[in-house]
Amino acid sequence: MKINNKIRILRISDELINGGEIAISDIAEEFDVSQMTVKRDIKLLREYLSIYSNEGNAIAFNEKSQKYYLIKPEREWLTREQAVSFAKDLVGLRKYTDEELADILHKMIMQIKPEERDFARKEIRDIYESR
């Protein structure tokens, strides 16, 4: 395995661990490899998780967005309700600059289950814009 392959797999893993979603085409373009190569990388990561993850983590595919994401146990995700509540509290503090607040809210949204993010993102955007 070339160093580029290792870095690519670590990049995919890092994105998924941090709550992100990845599109095969984006990773293929970023590393100048075929989409089949990226699919093999994801297969390798899935095999790794099936053997070594005691927490029940797995990689899933979102048909709607056509992206892969990490399935974490329920206890590790914020619920949409928790995130919206935190957003209201943060916005109400008026302690952060617009840039800082937007960054915090984005990071918080990434900790919501992927299938709930779009709805939560809209609710949080409405809270942010109504301040």
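**Figure 1. Residue classes in the lining of the largest pocket.** In this predicted model, the lining of the largest pocket comprises 6 charged, 2 polar and 2 nonpolar residues. The charged residues are Glu 21, Lys 64, Glu 115, Arg 117, Asp 118 and Arg 121. Asn 62 and Ser 65 are the polar members, while Met 110 and Pro 114 are the nonpolar ones. The volume of this pocket is about 170 Å³.

**Figure 2. Contribution of helix H6 to the pocket.** Helix H6, residues 114-129, supplies 5 residues, the largest share of the lining of the largest pocket. Pro 114 and Arg 117 belong to the lining, and both are also among the buried residues of H6.

**Figure 3. Length and kink of helix H6.** The 16 residues of H6, at 1.5 Å a residue, should span 22 Å, and the end C-alpha atoms lie 23 Å apart, which agrees. H6 nevertheless has a kink of about 30 degrees, centred on Ala 120.

**Figure 4. Packing of the buried residues of helix H6.** Ala 120, where the kink is centred, is buried, as are Pro 114, Arg 117, Ile 124 and Ile 127. The partners against which the buried residues of H6 pack are strand S2 (67-71), helix H4 (80-93) and helix H5 (98-109).

**Figure 5. Setting of these views within the protein.** The protein contains 6 helices and 2 strands, arranged along the sequence as α-α-α-β-β-α-α-α. Its C-alpha atoms fill a box of roughly 50 × 30 × 25 Å along the principal axes. Of the 131 residues, 36% are buried. Among contacts between residues at least 6 apart in sequence, 52% join residues at least 24 apart.

Key. Residues are numbered from 1 along each chain as its sequence is written. This is a predicted model: local features need pLDDT of at least 70, side-chain atom pairs count only at pLDDT 80 or more; totals for chains, interfaces and linings use all residues. Side-chain values use heavy atoms; hydrogens and water are left out. On a 1 Å grid over the protein atoms alone, a cavity is a set of points where a 1.4 Å probe fits but cannot get out, and a pocket is an open set with protein on both sides within 12 Å along at least five of seven lines; lining residues have an atom within 4 Å of a point. Grid points are joined across faces, edges and corners, and a volume is the space filled by probe spheres set on the points. Helices (H or I, at least four residues) and strands (E, at least two) are DSSP runs, numbered from the N terminus. The expected span of a helix is 1.5 Å times one less than its number of residues. The bend at a residue is the angle between axes fitted to the seven residues ending there and the seven starting there. Buried means under 20% relative accessible area, exposed over 50%, partly exposed in between (1.4 Å probe, protein chains only). Contact means heavy atoms within 4.5 Å.
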